[in-house]
Amino acid sequence: MGEKANSAPQPATETAGGAFTRGLRGMAGAGLITKVLGYARDALLVAFFGGGALADAYYAAFRLVNIFRRTVGEGALNAVFIPLLEKEKARSEGDAARFFSSAWTVIFLLSALIALGGLIFRRELVTLAAWGFKGTPGQLELTALLMAVLMPHLLFVNVSALFTAALNSARRFFLPALAPAAFSLTVIALLLAFHYGSFAALDERGKLILLAAAASASGLLQAAALLPALRRAGYGLAFSNPLKNLSAAPALLAAAPAAFTLAQDQVSMLISTAYASFLPAGAITAIYNAARLVQFPVSLFAAAAAAVALPELSARTAAGDTEGFRHQLKLAFCASWLIMLPAALGIAATALPICRALFEHGRFLPEHSLLTAQTLSWLALGLPAYGFNKVSASALYALGRQKEPMAIISLQLALNALLCLPLSRRMGAGGLMLATSLSSWAAALAFMLVLKKRSGFDPFSDLPLLRPLLAAAAAGAAALGLRLALAGAGPVAVTAAAVPAAAAVYFLLLKLLRVRERGLITGGRF
C-alpha cells in the first residue's frame, strides 16, 4: 500500500514540494502562535467565569456568530474567492484589482446586512440554536444580548477574510494567519484587567458583556493589521459603484454552496450546541473547549495544507495541468494525514491530563475537566476524517465542482443530527462528539469516491497509509503508558512528558519505516 507515494520525484516535483513545505511551515508557524494565544484566552476565561451557565451563554452566542463568520468569511471565502481571482490574474493585474474591488464591496455590504439581521433577530436565532435555555431563567436573554454585542465582529472578520484570501493568492501566508491573534490578545488583556481589579463596579454579568464588546472590536484590529500588506500586493479599498460594477457578485453568489460546505465544522458544532442546551450546565462549555483543542492540529496542518494548496490547485486547473494538480493534491493529503492520524490517537490517550493542565484553574473544577476530556476523546477520533474532508472540498472547488461537496456535507450534517439524539441520551456531551466523528468518517468515504472519479486520485494507492498508521499506534501507546506511569506527578508533568515523547516515537518510526513524505512536516531535517 502506498508504493506510488514513495516513487522518486522529478526535479519539478521537488520544486513544488519545497514551495508547498515553505508555505505550510509559514502558515503553521503563525497558526501555532494564534492557537497558543487562543488556549491562553480560553483558559483565562473559564478560570474567571467558571465552566457553568455564564460560560455556556458566552460560548453559545459566540458559536452563532461563528456560523455567520465561517459561512460568509474565513476559510469558506478562501475557497470561493481564490479560484476566481486566479482566473482574473491570468488575464491581467488590472482585471484582478477590479475584481477585488467588486468583491470587497459585495462582502462588506453582505456582512453588514447579516450583522444587522443578527442584531434584529438575536432572540429568535438564540431560541432556535439553544432551545434548552428557555428552561433556565435569564439564560436565553443573556445569550441573545451577548450575540447582539458580538455581531459587529462579523463585519470586521469577514473583511479580514477577504484580505487574507487576496494575500494567500499572492502566496503570502504568514501574516494573514497571524492576524487573528488580535482577538485573543484583546480578550486576554481585558481578563487580566479584571483579575487585577479593573472594572470592579461591574458584576460578573456586566463583565461578560464588556468582554463580548472587546472581542467584537478586536476584528477591526485584525483587518487593520493586514492593510499594508494588501496595498503592497496591489489591492485598494475603493468601493465599486453598485449600479455600474459589481462583477464579483454573480460569481460569489453562484459559489455560495462552497461557503456552506466549508463552514461544516461550525454548523456541526451548532447542531451539538442545540442538543447540549438540554443537558446539564457545562455541556456547551465542554464541547467548545474540546472543539478548540481539536482545532489545534486541524488548523495548523489540515486547514493550512488546504489553504496553501488551493492557489496552486486552482492555477493547475486553469492551465489544464492534470498531473500538476494531482501532485499538489498528494502533497496536501500527505501533510494532513501524517499529522491528523497521530494527533487523533495521542489526544484520545492524554485527554484528561491535557484538559486538567490547560483549564483546571480558578473556578474550572475537576468535574469540568473530566467532562471536557470525555468529550474531547470522542471528538478526536474523527481528526483524520476532518483533515481529509477539508482538503477534498478545496480540491473539488478548484476543479469547479460545487455540487458534490454540497451534497456530501448536507448528508453528513443530516447524519450527525440523527445520531446526536440516541448517542447524547446514552453518553451525554461525549455522545454528541461521537456523532460528529462518525458522520465525518462517512463523509470522508464519500469524498474519496467522488475525488477518484473527478481527478483520478486514489488515496489507497497514492498515499502512504499503513506505515504511518503503525507509527501513530505506537506513539499513542507510548503516550498512554506515560500517562499511567506518571499519574501521580500531576497533569502538567504528564502532559509535558507524554506529548513530546509520543511525537519523538512517531517521527522516529516514520524514519525507520522509510516514510519519505515526513519531509513535508520536518522540512527534510529528519
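This note goes through a predicted model point by point, from the overall fold down to single residues.

1. Overall make-up. The chain has 526 residues, and 56% of them count as buried. Its secondary structure comes to 22 helices and zero strands. Contacts reach far along the sequence. Among those between residues at least 6 apart, 84% join residues at least 24 apart.

2. The main core. The largest nonpolar core holds 121 residues. Within it, Tyr58, Leu146, Leu211, Leu329 and Leu383 touch the most other members. Helix H14 gives the largest share of this core, with 20 residues. A second core stands separate from it and has 22 residues, including Ala96, Phe100, Ala166 and Ala179.

3. H14 against H21. Two packed helices are described by the angle between their axes and the distance between the axes. Helix H14 spans residues 322–359, and helix H21 spans residues 491–512. They pack at an angle of about 170°, and their axes are 9 Å apart. An angle over 145 degrees counts as roughly antiparallel, so H14 is roughly antiparallel to H21.

4. What makes that contact. From H14 come Leu338, Ile339, Pro342, Thr350, Pro353, Ile354, Arg356 and Ala357. H21 answers with Pro491, Val492, Val494, Thr495, Ala498, Tyr506 and Phe507. By type, the contact of H14 with H21 divides into twelve nonpolar residues, two polar and one charged.

5. Tyrosine 58. Which residues does tyrosine 58 touch, not counting those up to four places away in sequence? They are Leu45, Leu146, Phe183, Leu208, Leu211, Ala212 and Ala215. Two of these names, Leu146 and Leu211, also appear with Tyr58 among the core residues that touch the most other members.

6. Aromatic pairs. The structure holds 16 aromatic pairs. Take phenylalanine 48 and phenylalanine 49. Their ring centres are 4.9 Å apart and their planes stand at 70°, so the pair is edge-to-face. The two partners differ in exposure. Phenylalanine 48 has a relative accessible area of 21% and is partly exposed. Phenylalanine 49, at 2%, counts as buried. The cut-off for buried is under 20%.

7. A stacked pair. The rings of tyrosine 58 and phenylalanine 62 have centres 6.1 Å apart and planes at 10°, so this pair is stacked. Both residues are buried. They sit four residues apart in helix H2 (residues 53–72), so about one helical turn separates them. Ring pairs also link Tyr58 and Phe62 with Tyr59, Phe183 and Tyr288 into a cluster.

8. Serine 184. Where does serine 184 lie? It is found in helix H8, which covers residues 181–195. Is serine 184 buried or exposed? Its relative accessible area is 2%, so it is buried. Leaving out residues up to four places away in sequence, serine 184 touches Thr34, Leu37, Gly38 and Arg41.

9. Glutamate 141. This residue lies in helix H6 (residues 139–169). Glutamate 141 has 38% relative accessibility and so counts as partly exposed. Arginine 123 is 18 residues away from it in sequence. In space, the two are 7.2 Å apart, C-alpha to C-alpha.

Notes: Residues are numbered from 1 along each chain as its sequence is written. This is a predicted model: local features need pLDDT of at least 70, side-chain atom pairs count only at pLDDT 80 or more; totals for chains, interfaces and linings use all residues. Side-chain values use heavy atoms; hydrogens and water are left out. Axes are lines fitted to C-alpha atoms, for helices over the stretch in contact, and angles run from 0 to 180 degrees between N-to-C directions. Helices (H or I, at least four residues) and strands (E, at least two) are DSSP runs, numbered from the N terminus. Angles under 35 degrees count as roughly parallel, over 145 as roughly antiparallel, 65 to 115 as roughly perpendicular and the rest as oblique. Contact means heavy atoms within 4.5 Å. Ala, Val, Leu, Ile, Met, Phe, Trp, Tyr, Cys and Pro count as nonpolar, Asp, Glu, Lys and Arg as charged, and the others, Gly among them, as polar. A nonpolar core is a set of buried Ala, Val, Leu, Ile, Met, Phe, Trp, Tyr and Cys residues joined through side-chain atoms within 4.5 Å. Buried means under 20% relative accessible area, exposed over 50%, partly exposed in between (1.4 Å probe, protein chains only). Rings of Phe, Tyr and Trp (its six-membered ring) pair if their centres lie within 6.5 Å; planes under 30 degrees apart count as stacked, over 60 as edge-to-face and the rest as tilted.
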